[in-house]
Amino acid sequence: MTQSPEAVAGDFTLPELEDVRREAAKVDTHAVLALPESEEPAWSREAMALALWEDRSISTEELKAAAEARCAARTPRLHTFVPLYTTNYCDSECKMCSMRKGNLRLDRKFSGRKEITAQLEILYHHEGVRGVGFLTGEYEDKHTRLSSAFRIGWAIRTALDMGYERVYFNIGSMEPDEIDVLGEWIGHEEPVTMCVFQESYDKETYGRFMGQTSAQVPKANFDRRVVSFDRWLDAGFRYVNPGVLVGLHDDLSAEIVSLVSHGAHLRARGAVVDLSVPRMRPAMTSRDTTRVNDDDYLRMMSAVAFTCPEQRLVLTTREPQEFQDVAMGLAGVISPGSPDVAPYRPDSRARNDEASSQFLVADLRRPRHILSRIEAGGRPVEHFVDPSSSAPTAG
């Protein structure tokens, strides 16, 4: 049972891994898998996730099947949103990201009002999607941060007024005054999800990739980033999407514990929580590669999905079609699209140019083709209206 927000007021703090390990050692994993789908186990979620991940007497396929069964009761079973990068300017220096400020080879782009509106029209009318996610870089000086919050607030309002049913935004960490500026555009109950991926909950790894000091490198501020969701909830909003970049930190056990713990904290505060566990993808002048194999990745997804069945895992087209097919039963959100700036065209696949994209995706099929194929396989996708099966629409 979810506690009231007042019962758990306060910011998230990282769990003590050794304490969780001691509890996980007492978890009867086989008994956990045998529980009815609707029953919440007696152990903490982070201890249960750790135990399931590490107990190799349970095969990945067995764990995956149990997780799929536990998630099957969700309604809707699957929904979608498409990412829309509105700029690739950024003041941070994340080593795994093409958008980092020091990457002088990147072709910098910025979308104004007309281009953002045109992209929304393409996604709505030509791709049939009713979910969109706005993305930017993160910025150093306060004026730019407030201006970015205002601009993305306007974009969110534009999408909602156009008929979009769910909107995500990923613009970096946010302080209360920045949330206030963005929040002027939306109501507290509107389906707008803040995405602030921690990338890694390990502070040493975080500093190695994002920077050791936040002076002139805004994303290097670990603490500001990790409490952004609490600030969002404090302001009266409900929808959140934490995540880790899988493979950035070598200890997957620690990342699973921290992500599940963060999700449990936000859930206890009354939030509606999605969880993201994307694998690293190639990026310009970066050596990031997919360092976690498919079996381990599926096992990680399965442990998290089983433990947090009402918290939807987001699956993206970072992964190839073949992996999507295998993992789809674990996902609650499918997000097809491109990490290039304003990449969508009315009659062709999206652009994903290495010269201007944050990274390169594995699957560049058009969103409508990806989503209609999923539906043809028997899985309805919320926030998608297949243009090929509906009357022609102007635009």
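1. Helix H7, spanning residues 176-183, is a good place to start in this predicted model. Its buried residues are Glu178, Ile179, Val181, Leu182 and Gly183. What sits over them? The cover includes helix H6 (142-162), strand E4 (166-170), strand E5 (192-195) and helix H10 (228-234). As a reminder on helix geometry, an α-helix has 3.6 residues a turn, so residues three or four places apart point the same way.

2. Within H7, have a look at Ile179. Ile179 counts as buried because its relative accessible area is 2%, against a cut-off of 20%. Leaving out residues up to four places away in sequence, Ile179 touches Met174, Met194, Ser228, Arg231, Trp232, Ala235 and Phe237. If you want a distance to check, the C-alpha atoms of Ile179 and Cys195 are 13 Å apart, with their positions 16 residues apart in sequence.

3. Now the nonpolar core. The largest one holds 114 residues, and the members touching the most other members are Phe134, Ile156, Tyr164, Phe169, Leu182 and Trp232. Leu182 is also among the buried residues of H7, and Trp232 is also one of the contacts of Ile179. Ile156, for its part, touches Phe134, Val167, Phe169, Leu182, Ile186 and Val192, again not counting residues up to four places away in sequence. Apart from the largest core lies another one, of 6 residues, including Cys195, Phe197, Val314 and Val333. For background, nonpolar side chains in soluble globular proteins tend to be buried together.

4. On overall dimensions, nothing clashes with a globule. A compact globule of 395 residues would have a radius of gyration near 21 Å, and the protein comes out at 20 Å, so the two agree. Along the principal axes, the C-alpha atoms fill a box of roughly 55 × 50 × 40 Å. The secondary structure comes to 14 helices and 9 strands. Of the 395 residues, 60% count as buried. Take the contacts between residues at least 6 apart in sequence: 75% of those join residues at least 24 apart.

5. Surface and charge, quickly. The accessible surface is about 15600 Å², and carbon and sulfur atoms account for 50% of that. There are 47 positive and 60 negative side chains, with the centres of the two sets 4 Å apart.

6. Which lysine deserves a second look? I'd pick Lys219, in the loop between helix H8 (203-210) and helix H9 (222-226). Lys219 counts as buried because its relative accessibility is 11%, the cut-off being 20%. Setting aside neighbours within four places in sequence, Lys219 is in contact with Ser92, Cys94, Met96, Glu138, Glu199, Tyr206, Met210 and Arg225. Lys219 and Glu93 are 126 residues apart along the chain, yet their C-alpha atoms are separated by 7.9 Å.

7. Tyr85 belongs to strand E2 (residues 82-85). Tyr85 is buried too, at 5% relative accessibility. Not counting residues up to four places away in sequence, Tyr85 touches Met99, Ser111, Leu135, Ser338, Pro339, Asp340, Val341, Ala342, Gln358 and Phe359. Tyr85 and Gly137 are 52 residues apart in sequence, with their C-alpha atoms 9.1 Å apart in space.

8. Ala342, one of the residues Tyr85 touches, is worth checking for its backbone. Phi of Ala342 is near 45°, a positive value in a residue other than glycine. Ala342 is found in the loop between strand E9 (331-335) and helix H14 (367-376), and counts as buried at 3% relative accessibility. His383 also goes on the checklist: its phi is positive, about 70°, although it is not a glycine. His383 sits in the segment after H14, and its relative accessibility of 11% makes it buried.

9. Last backbone item: where is the cis peptide bond between Thr75 and Pro76? Pro76 is found in the loop between helix H4 (60-71) and strand E1 (79-80). The omega of that bond is near -5°. For context on this and the previous point, most residues other than glycine have a negative phi, and most peptide bonds are trans.

Note on methods. Residues are numbered from 1 along each chain as its sequence is written. This is a predicted model: local features need pLDDT of at least 70, side-chain atom pairs count only at pLDDT 80 or more; totals for chains, interfaces and linings use all residues. Side-chain values use heavy atoms; hydrogens and water are left out. Buried means under 20% relative accessible area, exposed over 50%, partly exposed in between (1.4 Å probe, protein chains only). Helices (H or I, at least four residues) and strands (E, at least two) are DSSP runs, numbered from the N terminus. Contact means heavy atoms within 4.5 Å. The radius of gyration is taken over C-alpha atoms; the globule rule is 2.2 Å times the number of residues to the power 0.38. Accessible areas come from the Shrake-Rupley method with a 1.4 Å probe; for residues, only the protein chains shown count as cover. Lys and Arg count as positive and Asp and Glu as negative; His and the chain ends are not counted. The place of a charge is taken as NZ of Lys, CZ of Arg, CG of Asp or CD of Glu. A nonpolar core is a set of buried Ala, Val, Leu, Ile, Met, Phe, Trp, Tyr and Cys residues joined through side-chain atoms within 4.5 Å.
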